[in-house]
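Visitor: I'm new to this one and don't want the whole tour at once. Could you pick a single spot, look at it closely, and then show me what surrounds it and how that compares with other parts of the chain?

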Amino acid sequence: MGTVHAKDLGTSKNMGQRFTSKKMHSAYNNTQHDFEKKKNVQTKMVDLQAIKARVDKIHIDGLGRTKDDIIKSQVSELFKAHDFQDVIVRAHKVRGKLEALGCFKNIGIFIDISEGPNATPEGVEVTFTVREMSRLMGSINTMVGNNEGSILIGAKAPNIFGRGEKAQVEYSYGNKSSSNINISTIKPFINDWLHTILTGSIYSTSSNFPWSGYTERDNGLLLDIAWYTGAINTLKHNFQYEAAFRQVSCSRQSSFSVREQCGPSLKSSLKHICSIDKRDARLFPTRGNFIQFSSEIAGLGGDIGFIKNELMMQSNWSPHKYLTFQVAAQAGLLRSINNEMKISIIDHFFLGGPLNVRGFDMRGCGPRSEGNATGGDVYWSAALHAYTPLPFRPGRNGFGDLFKLHGFINGGNLSNFTPKLANNYKENMKIFTDNVRCSVGGGIAMELGNAARIELNVIMPLLFVRSDVLRQFQFGIGVQYL
């Protein structure tokens, strides 16, 4: 971003190398560069870093009910700019912060020479043109989950008190008879170094798990505090408290071990999620790493008690512009607190599926009872992918760029193995040596609206056990994948 093309329309009286036209725009996404074409006008290269500039004034056009203090905290970093390129870069960052507030529909940027009695020789004025959200909004959308499509009906009231507060109601119904009702309120707290968002939700969900022979119905309360201690979407902490009343109902064909889990339970838990995301894209990254660690402690009340830890990692690199390698790994451990509190089948880990360990049916790996997947308390999985564009690049720089050919090898293991920490190394390592599952395959992957991933694969299982449920052809759609 070191140089731009600009028309040489003369030399300013304030700067040796300044833009004198008041039609100079710096816009992103919503505002197009529109310069009048004139005959016999020369074009030259301008080094933006060589143009000394400082921001004298910042204007916000279009504010209504949004309060001034929340805007000032977002735009104040513009006054630290020391050259014209720095002004543009910081203006782009400020625009992202204003969008993250959820108060505005469109945000445009206009950069002009500073004028007036208090103008400095190198001063510029930055104007943000904003359009506030309506007081009440409704929507009907489709939503993609893990191998399930849903219709989502929602209503929200953004920017209620003028500082980014929001209340929303959502109802979704999936093609696998799952349903969800969620009522939540969101309050952002903005300061210079820590971006905090407080969310409170009341929910009621119903989900069917035919692979395990039960249906789950949850009614609960969730409080979430999100802290962005680094750049937005780079380092994030979530601290959550959840209280849920859960009901497990089994079908007539369910095994006895699943029937034992039927009935109501009450869970009260604290959870911490820490994630670092430095990928250049979420669905098809070409470089960067991602790591997420979550830890949950249940047993603050109710009859459910456990400690649950889970780790997810991903690394991407591209030795060639048409070839990307990706390594991913996941692991989890579930431990009981004491004998007085139980662990429900709902809380177990499950493995297998079109976006998990491919080549196995949904929940197709691990312990089973009379055909029902019962899950386990410890698991690991890993995958190596190779991505490349479609042959001959059909639809290049357009629709065709949404598709990728990919080959992979993935595997893992899931069991009810309980670690023995006292001088029993061989027993602890059995989870990595006994009954390991592995498969290789390839197919076509597609990005769906930058929100979900679709895969159509042909797989050949290499390592498996007799009780596993295999799949040679798989179609998967979802957000999270191995």
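**Starting from one glycine**

Guide: Let's start at Gly-411, which sits in strand E20, residues 403-415. Keep in mind as we go that this is a predicted model. Gly-411 has a relative accessibility of 7%, so it counts as buried. What does Gly-411 touch, once its neighbours within four places in sequence are set aside? The contacts are Val-357, Trp-380, Ser-381, Ala-382, Arg-437 and Cys-438. Leu-351 is worth remembering too: it is 60 residues from Gly-411 in sequence, yet the two C-alpha atoms are 9.9 Å apart in space.

Now step back along the chain to the loop between strand E19 (378-388) and E20, where you'll find Phe-392. Is Phe-392 buried or exposed? With a relative accessible area of 84%, Phe-392 counts as exposed, because the cut-off for that word is over 50%. Its backbone is worth a look as well: phi is positive, about 65 degrees, although Phe-392 is not a glycine. Most residues other than glycine have a negative phi. Glu-370 is another case, with a positive phi near 50 degrees. Glu-370 belongs to the loop between strand E17 (368-369) and strand E18 (372-373), and it is exposed, at 64% relative accessible area.

Two of the contacts of Gly-411 were Arg-437 and Cys-438, and strand E21 covers residues 437-448, so let's follow that strand next. E21 runs antiparallel to strand E22 (residues 452-463), and eleven bridges join the two. Together E21 and E22 make a hairpin with three residues between them. In the turn, Gly-449 has a positive phi of about 60 degrees.

Within E21 there is another glycine to inspect, Gly-443. At 17% relative accessibility, Gly-443 also counts as buried, because the limit is under 20%. Gly-443 stands opposite Asn-457 in E22. Those two are 14 residues apart in sequence, but 4.2 Å separates their C-alpha atoms. Leaving out neighbours within four places in sequence, Gly-443 is in contact with Lys-404, Leu-405, His-406, Leu-456 and Asn-457. Asn-457 leads us on to one more strand, since it stands opposite Gln-474 in E23. E22 and E23 (residues 473-478) run antiparallel and are joined by six bridges.

There are also charged side chains lying over rings. Arg-358 is placed over the face of Phe-408, 5.4 Å from the ring centre. Arg-363 does this with Phe-350, at 3.6 Å from the ring centre.

For a comparison, let's move to an earlier part of the chain. Three strands there make an open sheet in the order E3-E5-E4, with mixed pairing. E3 and E4 are at the edges with a single partner strand each, so one side of each has no neighbour in the sheet. On average, neighbouring strands are turned by 20 degrees against each other, ignoring direction. E4 and E5 pair in the antiparallel sense over nine bridges, and Phe-110 has Thr-127 in E5 as its bridge partner. Helix H2 packs on this sheet and touches E3, E4 and E5, while its direction makes about 160 degrees with that of E4.

What about H1? Its buried residues are Ile-70, Ile-71, Ser-73, Gln-74 and Val-75. They pack against E3, H2, E4, E5 and strand E9 (179-190).

This brings us to the largest nonpolar core, which has 27 residues. The members that touch the most others are Leu-78, Phe-84, Val-87, Leu-98, Ile-111, Val-126 and Phe-128. Strand E3 (54-61), helix H1 (68-75), helix H2 (84-100), strand E4 (104-113) and strand E5 (123-132) each give two or more residues to this core. H2 gives the most, with six.

And here we return to where we began. A second, separate core has 14 residues, including Ala-328, Leu-351, Val-357 and Phe-360. You've already met two of those names: Val-357 is in contact with Gly-411, and Leu-351 is the residue 9.9 Å from Gly-411, C-alpha to C-alpha.

Definitions and conventions:
Residues are numbered from 1 along each chain as its sequence is written. This is a predicted model: local features need pLDDT of at least 70, side-chain atom pairs count only at pLDDT 80 or more; totals for chains, interfaces and linings use all residues. Side-chain values use heavy atoms; hydrogens and water are left out. A charge sits over a ring if NZ of Lys or CZ of Arg is within 6 Å of the ring centre and within 35 degrees of the ring normal. A nonpolar core is a set of buried Ala, Val, Leu, Ile, Met, Phe, Trp, Tyr and Cys residues joined through side-chain atoms within 4.5 Å. Buried means under 20% relative accessible area, exposed over 50%, partly exposed in between (1.4 Å probe, protein chains only). Helices (H or I, at least four residues) and strands (E, at least two) are DSSP runs, numbered from the N terminus. Two strands pair if DSSP finds at least two bridges between them. Axes are lines fitted to C-alpha atoms, for helices over the stretch in contact, and angles run from 0 to 180 degrees between N-to-C directions. Contact means heavy atoms within 4.5 Å.
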